[in-house]
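Trainee: Hey, can you walk me through this one? I'd like to start with how the pieces get their names.
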Amino acid sequence: MSIDHLQQLDKIVSLSKARGFIFQSSEIYGGLGAVYDYGPLGAELKRNVREAWWKEMTQKHENIVGIDAAIFMHPRVWEASGHVEGFNDPMIDDKQSKKRYRADMLIEQQIEKLHKDGDIDEAEKLKKLLDTSGTREGLCEDLHKIIMDYEIKAPDSGAFDWTEVRQFNLMFKTQFGAVSSSEDDDAVYLRPETAQGIFVNYKNVMDTSRQQIPFGIAQVGKAFRNEVVARQFVFRMREFEQMEMQYFVQPGTDEEMYDEWLSKRMEWHRGIGIREQYLRVAPHPEDKLAHYARDAADIQYRFPIGWQEVEGIHNRTDFDLTQHQEYSGKKMEYFDQSTRERYVPYVVETSVGLDRTILMVLCDAYREEEVEGEVRTVLKMHPKLAPITAGVFPLVKKPELQNLARKIEDDLREDFNVLYDESGSIGKRYRRLDEAGTPFCITVDFDGLEDNTVTIRFRDDMKQERIQVEHVSEVIRKETKNWNPS
Ligand code: ATP
């Protein structure tokens, strides 16, 4: 039995909590909206995804280096980047419930409703209106007019009593030093993206790492956005982690590099085991491009909530470096020794959310299968991402079996995350590790004591094989390398 892919999110949220992947932040106090903590299995999964990305970017490309910039940055950075002025969402308040909504999302929901009711023409008409609504200045007025014309009601109270639509900045503001003051001069922001830490260090990196264009800078780190619509588990959080790489190129080569990175990044998603049919590229239409971008596309995954962005690939041109050159007064030019040319490089950016990738991995891996009249819940994720690579079990609690199982566990621990488990029936132990996404289970029995063998059981097809104790590591490595999603 396979359950409908589109019904899975609730089950994944419960499994995440029950098995210790992801908890709500400060849960004992009722939780904090759109903030999450990773539990023991989640922390390992996160580390593995982060490592897969870091390895792909830095280890496998001699011309990409990593940095780790601070979360706090000079306030002028966010003026130069355009975030102070333009990092806004259009919001509207329900006067009755005092709840705030994203105006464009309300309209999206109305479009969905019309679709569900079979009113396709009207849905298409509304979609067209939304797509063509507003330049930045006119956006609020346009969205307000649509909400009024279509008499869109507040989802929670059912009222039709709206304020105007206003822009709401998504950056979290805090203050530096011991002085308590409400002056904006003291304000520093929690970075809303990691990219700016790379742009402001571009010169430092070039001067110290002897890189020549084209070269890239990679970074993984926290970003903060005061998202208003934040209801979809770790899909949209207020504190999250990004994995970004900015690739500095000669103007004129940017389009080719953009295409190259788009296909390389798709390849990476397939490489971490995401099923091909649930991945797609969605280019941004020209009239919807961000102010800094010449080209942009989303890599989307078919989440239970529909096709959604996991990663953005952008051709940012020389926008950021030119802005920083202007605001800081420091030259951002590159001097090409071979052609004696001087120019401000263009930037092709790949920006993927770590938490969103984890949600994608969980959604893609989650299966319910009927086995001997019972439902088996299993996470069929790539073995290289699995929080626990192998379980090691003595068949029963007898010292001879326990000793050998402990010895195998010790040997494996050098290279893999393993779990020793001797409680409950073998079947129960398998099921527990199926839910944790553990791809291999090793069981020591009495026959094995005679001929130095164990049984290895594979998570995906539940097949078992007898192998020599000294081959366990090798089999795990080979199976991990050759793994394909099913
Ligand atoms: P969205 O349209 O979903 O708000 P975005 O286009 O603003 O995303 P970018 O600024 O391009 O996103 O950020 C790059 C990546 O960072 C996204 O593809 C996503 O994976 C991740 N990301 C962005 N915002 C969040 C968030 N609030 N929570 C979790 N991940 C996020």
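Mentor: Sure. Helices and strands here are DSSP runs, numbered from the N terminus; a helix needs at least four residues and a strand at least two. Keep in mind that this is a predicted model.

Trainee: OK, so where is P214 in that scheme?
Mentor: P214 sits in the loop between α9 (202-209) and β9 (215-224). A cis peptide bond joins I213 to P214, with omega about 5°.

Trainee: Why point that out?
Mentor: Because most peptide bonds are trans.

Trainee: Cool. How many helices and strands does the protein chain have?
Mentor: The protein chain has 16 helices and 23 strands. Its C-alpha atoms fill a box of roughly 80 × 65 × 50 Å along the principal axes.

Trainee: And what share of the residues is buried?
Mentor: Buried residues make up 52% of the 486 in the protein chain. As for contacts with a separation of 6 or more, 65% come from residues 24 or more positions apart.

Trainee: Switching topic: which residues are closest to the ligand?
Mentor: The closest are E227, R236, M237, E309 and V310, and 14 residues surround the ligand altogether.

Trainee: What about polar atoms around the ligand?
Mentor: Here are some. An N or O atom in the side chain of R356 is 3.1 Å from an oxygen atom of the ligand. For Q242, a polar side-chain atom lies 3.3 Å from a ligand oxygen. With F235 the backbone is involved: one of its N or O atoms lies 3.5 Å from a nitrogen atom of the ligand.

Trainee: How much of the ligand's area does the protein bury?
Mentor: The protein buries 81% of the 590 Å² that the ligand exposes when taken alone.

Trainee: Which elements give two or more residues to that shell?
Mentor: Those are β10 (239-249), β13 (306-317) and β16 (346-353). The most comes from β13, with four residues.

Trainee: Back to the backbone. What's up with R340?
Mentor: R340 has a positive phi of about 55° although it isn't a glycine. Most residues other than glycine have a negative phi. You'll find R340 in the loop between β14 (334-336) and β15 (341-343).

Trainee: Is R340 buried or exposed?
Mentor: R340 counts as exposed, because its relative accessibility is 59% and the cut-off for exposed is over 50%.

Trainee: And M462?
Mentor: M462, also not a glycine, has a positive phi near 60°. M462 is in the loop between β22 (453-458) and β23 (464-468). Its relative accessibility is 26%, so M462 counts as partly exposed.

Definitions and conventions: Residues numbered from 1 in each chain as written. Predicted model: local features only at pLDDT ≥ 70, side-chain atom pairs only at ≥ 80, totals over all residues. Heavy atoms only, no water. Buried < 20%, exposed > 50% of the residue type's maximum accessible area, 1.4 Å probe, protein only. Contact = heavy atoms within 4.5 Å. Near = heavy atom within 4 Å. Polar contact = N/O pair within 3.5 Å; in protein donor to acceptor, adjacent residues only side chain to side chain. Areas by Shrake-Rupley, 256 points an atom, 1.4 Å probe, with all protein chains shown as cover.
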